[in-house]
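This report describes the sheet and the nonpolar core of one protein model. The sequence and structure are shown first.

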Amino acid sequence: MTEELPIALFCCFECFSHTPLCSQCIFQAHQEVPFHHIQKWTGNFFTKVSLYHLGHTVPGPY
Ligand SMILES: [Zn+2]
């Protein structure tokens with residue numbers, strides 16, 4: 001059974017906007033503010049994730 005995850009499930013409560021973003025967007029949005037603490041929505045609660053971790057899990061044509 002495949003679990004469907006929403007695209008926008010990352011949030012930063014230190015940004016002035018708390019809009020949920022996808023992992024790629026929130027990673028790019030924090031290239032200049034890497035000290036922010038990113039939270040990932042698991043479906044039930046937020047859990048802390050590191051930008052470093054995001055940068056190494058985001059697939060992309062960079
Ligand atoms: Zn932020």
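Two strands are taken to pair if DSSP finds at least two bridges between them. The model discussed here is predicted. On that criterion, 3 strands make up an open sheet in the order β1-β2-β3, with antiparallel pairing. The edge strands, each pairing on one side only, are β1 (10-12) and β3 (46-49). From one strand to the next, the twist averages 40°.

Strands of a sheet pair through backbone hydrogen bonds, either parallel or antiparallel. In this sheet, β1 and β2 run antiparallel and are joined by 3 bridges, while 4 bridges join β2 (residues 38-41) to β3, also antiparallel. The following table sets out residues that face one another across these strands.

| Residue | Partner | Strand of the partner |
|---|---|---|
| Phe-10 | Lys-40 | β2 |
| Lys-40 | Thr-47 | β3 |
| Trp-41 | Phe-46 | β3 |

The strands β2 and β3 form a hairpin with 4 residues between them. Within the turn, Gly-43 has a positive phi of about 115°.

The sheet also contributes to the nonpolar core. The largest such core has 6 residues, namely Phe-10, Cys-12, Leu-21, Ile-26, Phe-27 and Ile-38. At least two of these core residues come from β1, and at least two from α1 (23-29). In soluble globular proteins, nonpolar side chains tend to be buried together.

Which residues does Cys-12 contact, leaving aside its neighbours within four places in sequence? Cys-12 is then in contact with Ile-26, His-36, Ile-38 and Gln-39. Of these partners, Ile-26 and Ile-38 belong to the core described above.

Note on methods:
Residues numbered from 1 in each chain as written. Predicted model: local features only at pLDDT ≥ 70, side-chain atom pairs only at ≥ 80, totals over all residues. Axes fitted to C-alpha atoms, helices over the stretch in contact; angles between N-to-C directions. Core = buried A, V, L, I, M, F, W, Y, C linked by C-beta atoms within 7 Å. Buried ≥ 20, exposed ≤ 12 C-beta atoms within 10 Å, placed from the backbone. Contact = placed C-beta atoms within 7 Å.
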